[in-house]
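Here is a short set of exercises to work through with the coordinates open beside you. Try each task before you read its solution.

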Amino acid sequence: MDRSRWHGHARRVGVPAGCAALVLALTGTAAQAHTPAHHDPARRTLPAGDGWASYGTGTTGGAAADAARVRTVTDWAQFTAALAEGGDAPRIIKVKGVVDAVADGCDALAVPGYDFGAYLETYAPDTWGLERDLTGEPDDSPEGLRRASAARQDAEIKVNVPSDTTIIGVGRGAAIKGASLQIKDVDNVIVRNLTLESPVDCFPQWDPTDGDRGNWNSEYDTVVVHGSTHVWLDHNTFTDGAHPDSAAPTHFGMLYQQHDGELDIVKGANYVTASWNVFTEHDKTILVGNSDSESTAVGDRGKLKATFHHNLFTDLTERTPRVRFGQVDVYNNHFVAGSGYGYSFGVGKESQLVAEHNAFTLPRGVSPAKVLKRWNDAPLTARHNLANGRPVDLIAVHNAEIPEETLRSGAGWTPALRTSVHPAWAVPALVALGAGAGRAR
């Protein structure tokens, strides 16, 4: 992947000439700030006070692994074997080169008899209609064969990450493509220095009853933090890579959607820090809390605590992040809006979002009023932010321009777990210099 394409883009938007040198003079490089030169990156632990993942026991991943529990992997089979290796002792998995979960392509996952052309012909709205869904279709129908093919992909690309694990890319070219990392019901996980190319759903389902015109629904988030605690995601690049939504076709007049989220923090997950990452080229990017329902709230209230700092969010549509229930701290990030921009922060049920010292680069004609989106009535704190280099009160401008979605100020808590907090004017240059895969130390 050509990393220079979007890091160069980040420098062009909102980074004045000479600003990078001034930022370095004030703060030092990101690498210098993060770790001594002699330290093995694979044994890095989250610094004390660095976001919610540092709370309590902190996050050390596999730093204590002995030599026998350190693996270097170069393909999908080696990677899955390293994750599945038994025992509870800490482990380190070093990813070298590109590990592709679907190296043989989607056709290799399809069951015999599955034919996409037949699927389109059978379920076209002109013949099938929009009043009944496909749940009753038999196993030998086009939908049944799609279900079976989807089950194959699910089993192939989803992998469970155990507790006390560090997964780290080696050097600048390390990547995992087409996989869904499931950090589920575990504790103490670190994922660093990787380009994570979003999995492509090879077999999306058509739902005629979804909306007025039907819709394509896809599975597979790139990283899912489900019921887990103490997770550190650092210096990664989350991207749709070779399969951006902008290049997707339409079928039945609707986008043939083959992506879900880039990062989901759900089902009572807690104590997560996402730092120095790049999130790019995606639609529904980050979800914190996946449902408003009371059944979910039983596990979510008092949890879903997450910190996002020094990340670059560029060419995204929405959810950076969308929040329900959690105390979420978002500071020192650079948000670069593209042509398909919808919003940045989704204010959801009982959320307690704090957004401070961030920089927003918005194209001409896009108002900072769009940065916030109210899904439910929940107060938030938004201070010391800049839009196109100028101070902006995000709540005030939102309420003035979108009065039917009035937001209340004051999240009701003050973040204490922060390391260096930089002025918003310095953030674009600092993030451009330090964020993303290949830059961890």
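**Exercise 1. Parallel neighbours in the open sheet**

Task: Find the bridge partner of Leu196 in E14, then place that pair in its sheet.

Solution: Keep in mind that this is a predicted model.

Step 1. Leu196 has Phe238 of E14 as its bridge partner.

Step 2. Widen the view to the two strands: E9 and strand E14 (residues 237–239) run parallel and are joined by 3 bridges.

Step 3. Now take in the whole sheet. It is open, has 10 strands with mixed pairing, and follows the order E3-E6-E9-E14-E19-E22-E25-E28-E31-E32. At its edges are E3 and strand E32 (390–392), each of which pairs on one side only. From one strand to the next, the twist averages 20°.

Step 4. Look for a helix against this sheet. Helix H10 (residues 427–434) lies across strand E22 (312–318), E25 and E28, and runs at about 90° to E25.

**Exercise 2. An enclosed strand**

Task: Decide how far strand E5 (residues 165–169) is enclosed by the rest of the structure, and identify its pairing partners.

Solution:

Step 1. Check accessibility residue by residue. In E5, 5 of the 5 residues are buried, so the strand is largely enclosed by the rest of the structure.

Step 2. Sort the residues by direction. In a regular strand, side chains alternate between the two faces of the sheet. Here Thr165, Ile167 and Gly169 point one way from E5, while Thr166 and Ile168 point the other way, and all are buried.

Step 3. Look at one partner. Strand E2 (residues 91–95) pairs with E5 in the parallel sense over 5 bridges, and Ile92 stands opposite Thr166 in E5.

Step 4. Look at another partner. Strand E8 (residues 187–192) also pairs with E5 in the parallel sense, over 4 bridges. The bridge partner of Thr165 in E8 is Val189.

**Exercise 3. Contacts of a buried leucine**

Task: Which residues does Leu233 touch, not counting residues up to four places away in sequence?

Solution:

Step 1. Locate the residue: Leu233 is found in strand E13 (residues 229–234).

Step 2. Judge its accessibility. Leu233 counts as buried because its relative accessibility is 1%, under the 20% cut-off.

Step 3. List the contacts. With residues up to four places away in sequence left out, Leu233 touches Val191, Leu263, Thr273, Ala274, Ser275 and Asn277.

Step 4. Compare sequence and space for one residue. Arg192 and Leu233 are 41 residues apart in sequence, yet their C-alpha atoms are 5.9 Å apart.

**Exercise 4. The disulfide**

Task: What is the handedness of the disulfide of Cys106 and Cys202, and which parts does the pair tie together?

Solution:

Step 1. Count and identify. There is 1 disulfide, joining Cys106 to Cys202 with an S to S distance of 2.0 Å.

Step 2. Read the torsion. About the S-S bond it is about -70°, so the disulfide is left-handed.

Step 3. Place the two ends. Cys106 lies in the loop between strand E3 (98–100) and helix H5 (116–123), and Cys202 in the loop between strand E9 (195–197) and strand E10 (205–207), so the pair ties together parts that are 96 residues apart in sequence.

Step 4. Check each end for exposure. Cys106 is partly exposed at 28% relative accessibility, whereas Cys202 is buried at 9%.

**Exercise 5. Aromatic rings**

Task: Classify the ring pairs Trp76 with Phe79 and Phe335 with Phe360, then look for charges over ring faces.

Solution:

Step 1. The structure holds 23 aromatic pairs. Trp76 and Phe79 form a tilted one, 5.7 Å centre to centre with 35° between the planes. These two residues are 3 apart in helix H4 (residues 76–84), which means they are separated by about one helical turn. Both Trp76 and Phe79 are buried.

Step 2. Phe335 and Phe360 have ring centres 4.7 Å apart and planes at 10°, so this pair is stacked. Phe335 lies in strand E25 (residues 334–336) and Phe360 in strand E28 (residues 359–361), so the pair ties together parts that are 25 residues apart in sequence. Phe335 is buried at 3% relative accessible area, and Phe360 is buried at 2%.

Step 3. One aromatic cluster is formed by Phe116, Tyr119, Tyr123, Trp128, Trp206, Trp216, Phe252 and Tyr256.

Step 4. Finally, find the charges. Arg132 lies over the face of Trp128, 3.5 Å from the ring centre. Arg418 lies over the face of Tyr331, 4.6 Å from the ring centre.

Key
Residues are numbered from 1 along each chain as its sequence is written. This is a predicted model: local features need pLDDT of at least 70, side-chain atom pairs count only at pLDDT 80 or more; totals for chains, interfaces and linings use all residues. Side-chain values use heavy atoms; hydrogens and water are left out. A disulfide is a pair of cysteine sulfur atoms within 2.5 Å. Buried means under 20% relative accessible area, exposed over 50%, partly exposed in between (1.4 Å probe, protein chains only). Rings of Phe, Tyr and Trp (its six-membered ring) pair if their centres lie within 6.5 Å; planes under 30 degrees apart count as stacked, over 60 as edge-to-face and the rest as tilted. A charge sits over a ring if NZ of Lys or CZ of Arg is within 6 Å of the ring centre and within 35 degrees of the ring normal. Contact means heavy atoms within 4.5 Å. Two strands pair if DSSP finds at least two bridges between them. Axes are lines fitted to C-alpha atoms, for helices over the stretch in contact, and angles run from 0 to 180 degrees between N-to-C directions.
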